[in-house]
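Reader: Hi! I have a new model open and would like to talk through its disulfides, sheet and empty spaces. Could you take me through them?

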Amino acid sequence: MKRSLLWWLGAGLGCAWLGWSPVRADTALLYSLNTTCRLGSGQPQPCQVEAVEEGDATEYRHQLADRTISYRILDVPYVRIEGRKAAADPWSSVRNAWINFSTNELCFNDRAFCVVNPTFLADVKAEARGAAFDGRGTVGLAFGPGGRVDIACFDNGCRRLLEAIGR
């Protein structure tokens, strides 16, 4: 089963979402992609993304040279995103996520980590229903301490939100 950003956006916004098949207990590779990733304000560097169905989560493993940074999307007890900087590190809730559809870039935690993933974002766009995503270039999400979506914004609304909170 493939979970998309739209699903957790929909959960945060109260939008309707497509149902999906039951979760399998085994691990299944969904896709692998050679792309670029960026750490903080550093330069983009080659990385490989593996999207893996791991139990009740979809995990995105980003291999940068000898380092693996992972993010996973879970839906129990509610939709949330967790990340970890290395395989041995514990999972922790993501503070925020930003999508730039024109560059196919997805960033987490104030752009501490960004990945160009056209496969994932094409799925988000393809699965979007109604006018919520028509013509959208940017989507932003802020998560509460437990990982649940607190705020969602689009395009100019994201800029205005950042201005309102003094960033």
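Author: Happy to! Let me start with a term: a disulfide here is a pair of cysteine sulfur atoms within 2.5 Å. Keep in mind that this is a predicted model. The torsion about the S-S bond of Cys107 and Cys114 is about 115°, so that disulfide is right-handed.

Reader: Nice. How far apart are the sulfurs of Cys107 and Cys114?

Author: The S to S distance for Cys107 and Cys114 is 2.1 Å.

Reader: And are Cys107 and Cys114 buried or exposed?

Author: Both Cys107 and Cys114 are buried.

Reader: How many disulfides are there by that rule?

Author: The count is three disulfides. Besides the pair we just covered, Cys37 is joined to Cys47, with an S to S distance of 2.0 Å. Cys153 and Cys158 also form a disulfide, and their sulfur atoms are 2.1 Å apart.

Reader: Let's take Cys37 and Cys47. What is the handedness there?

Author: Right-handed, because the torsion about the S-S bond of Cys37 and Cys47 is about 65°. This pair links distant parts of the chain: Cys37 sits in strand β1 (residues 27-39) and Cys47 in strand β2 (residues 45-54), 10 residues apart.

Reader: Why does Cys47 count as buried?

Author: Buried means under 20% relative accessible area, and Cys47 counts as buried because its relative accessibility is 5%. Its partner Cys37 is buried too, with a relative accessible area of 1%.

Reader: What about the torsion for Cys153 and Cys158?

Author: The torsion about their S-S bond is about 105°, so the disulfide of Cys153 and Cys158 is right-handed. Cys153 is buried at a relative accessible area of 7%, and Cys158 is buried at 3%.

Reader: Handy for setting up the topology. What is the pairing in sequence order?

Author: If you number the bonded cysteines of the protein in sequence order, the pairing reads 1-2, 3-4, 5-6.

Reader: OK, switching to the sheet. In what order do the strands come?

Author: The sheet is open and has 11 strands, in the order β6-β5-β4-β3-β2-β1-β9-β8-β7-β10-β11, with antiparallel pairing.

Reader: Which strands stand at the edges?

Author: β6 and β11 (149-154) do. Each has a single partner strand, so one side of each is left without a neighbour in the sheet.

Reader: How many bridges join β5 to β6?

Author: Two bridges join these antiparallel strands. In one case, Glu82 has Ser93 in β6 as its bridge partner.

Reader: Now pockets. How much space lies in the largest one?

Author: About 290 Å³. The largest pocket has 16 lining residues, and those nearest its centre are Tyr71, Arg84, Lys85, Asn109 and Ala112. β4 (67-74), β5 (80-84) and β6 (92-93) are the elements that give two or more residues to this lining, and β4 gives the most, with three.

Reader: What is the mix of residue classes in that lining?

Author: The lining of the largest pocket has seven nonpolar, four polar and five charged residues.

Reader: How many cavities of 30 Å³ or more does the structure hold?

Author: One. The largest cavity has a volume of about 100 Å³. It is lined by 11 residues, and Tyr60, Ile73, Leu106, Phe108 and Phe120 lie nearest its centre. The elements that give two or more residues to the lining of this cavity are β3 (57-64), β4 and β8.

Reader: And how does the cavity lining split by class?

Author: The lining of the largest cavity has nine nonpolar and two polar residues, with no charged ones.

Reader: You mentioned Tyr71 at the pocket and Phe108 at the cavity. How do Tyr71 and Phe108 pair?

Author: The structure holds three aromatic pairs. Tyr71 and Phe108 form one that is stacked, at 4.0 Å centre to centre and 15° between the planes. This pair links distant parts of the chain, from Tyr71 in strand β4 to Phe108 in strand β8 (residues 105-108), 37 residues apart. Tyr71 and Phe108 are both buried.

Reader: Which residues form the aromatic cluster?

Author: Tyr71, Phe108 and Phe113 form one cluster.

Reader: Great, thanks for the tour!

Definitions and conventions:
Residues numbered from 1 in each chain as written. Predicted model: local features only at pLDDT ≥ 70, side-chain atom pairs only at ≥ 80, totals over all residues. Heavy atoms only, no water. 1 Å grid on protein atoms, 1.4 Å probe; cavity = no way out; pocket = protein on both sides within 12 Å on 5 of 7 lines; lining within 4 Å. Points joined across faces, edges and corners; volume = space filled by probe spheres on them. Helix = DSSP H or I, 4+ residues; strand = E, 2+ residues; numbered from the N terminus. Nonpolar A, V, L, I, M, F, W, Y, C, P; charged D, E, K, R; others polar. Buried < 20%, exposed > 50% of the residue type's maximum accessible area, 1.4 Å probe, protein only. Pairing = 2+ DSSP bridges. Phe/Tyr/Trp six-rings, centres within 6.5 Å; stacked < 30°, edge-to-face > 60°.
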